[in-house]
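I opened the model to look up how two of its helices pack and where its nonpolar residues gather. My entries follow.

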Amino acid sequence: MNPLTSPLLTDPPPPGPDLAVTDTEVTVLVALAQARGARSIAVGSGRTPAALAGADAITRAWQAAGGVVAATTTWPETAASWLCQARHFADAPADVWVMTGPEVGWAQVARRLLWSTSWRPDRTLATAAIGRPATLALVGARQLRGLTGADANGATWTVTDDGGLTVTGPGPGPGRSR
């Protein structure tokens with residue numbers, strides 16, 4: 001495993017698409033959190049319209065299922081260090097962290113989380129906006145072992161020990177890596 005040499009991307013790419021979170025993603029994320037025995041979650045997102053709407057949908061669905069939202073955190077696509085947002089998110093008294101994009105801001109805050117907090121990817125769920133190989137590569141997929149999420153179509157994905165993705169459920173087919 002190559003350790004991060006910096007908490008920040010040295011040459012961030014231009015912002016990608018602002019992907020909307022689907023109702024199916026939200027349903028699967030709630031089910032994944034419940035399967036982990038979570039009672040409380042922390043929800044983190046970028047500040048774009050789609051990210052904020054996705055975070056709101058996740059928050060409302062979790063509360064409707066009887067869960068507690070311990071904290072919500074938003075982060076910008078560009079910032080000086082993302083340290084405040086990372087600490088607020090990681091310090092939330094939550095059983096599970098849930099994250100959504102967009103990709104560049106998420107990658108920056110994820111790098112800061114790995115560098116500066118006790119955040120653990122294996123206790124984190126994420127949306128399809130994050131589960132793309134190119135997005136995970138912005139952080140270093142091997143740094144994100146155990147990160148699990150939902151695709152827009154309801155498939156689940158998990159970052160493996162070697163930094164690959166295992167996908168199960170609808171879509172690419174059970175157990176196929178991508």
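I looked first at the crossing of α3 and α4, and found that α3 passes α4 in a right-handed crossing (the near helix is turned clockwise from the far one by less than a right angle). The model is a predicted one, in which local features need pLDDT of at least 70 and side-chain atom pairs count only at pLDDT 80 or more, while totals for chains, interfaces and linings use all residues. Residues are numbered from 1 along each chain as its sequence is written, and side-chain values use heavy atoms, with hydrogens and water left out.

I then looked up the geometry: helix α3 (residues 83-90) and helix α4 (residues 103-116) pack at about 70°, their axes 9 Å apart. That makes α3 roughly perpendicular to α4 (angles of 65 to 115 degrees count as such).

For the contact itself (heavy atoms within 4.5 Å), I noted Leu-83, Gln-85, Ala-86, Phe-89 and Ala-90 in α3 against Val-109, Arg-112, Leu-113 and Ser-116 in α4. By class, this contact has six nonpolar, two polar and one charged residues.

Next I looked up the largest nonpolar core (buried nonpolar residues, under 20% relative accessible area, joined through side-chain atoms within 4.5 Å), which has 30 residues, with Met-99, Trp-106, Leu-136 and Leu-147 making the most contacts inside it. Helix α4 gives the most to this core, with five residues.

I followed Leu-136 further, and its contacts, not counting residues up to four places away in sequence, include Trp-106, Ile-130, Leu-147 and Val-159. Apart from this core lies another, of 19 residues, among them Ala-55, Ala-57, Val-96 and Ala-150.

How values were computed:
Axes are lines fitted to C-alpha atoms, for helices over the stretch in contact, and angles run from 0 to 180 degrees between N-to-C directions. Helices (H or I, at least four residues) and strands (E, at least two) are DSSP runs, numbered from the N terminus. Angles under 35 degrees count as roughly parallel, over 145 as roughly antiparallel, 65 to 115 as roughly perpendicular and the rest as oblique. Ala, Val, Leu, Ile, Met, Phe, Trp, Tyr, Cys and Pro count as nonpolar, Asp, Glu, Lys and Arg as charged, and the others, Gly among them, as polar. Buried means under 20% relative accessible area, exposed over 50%, partly exposed in between (1.4 Å probe, protein chains only).
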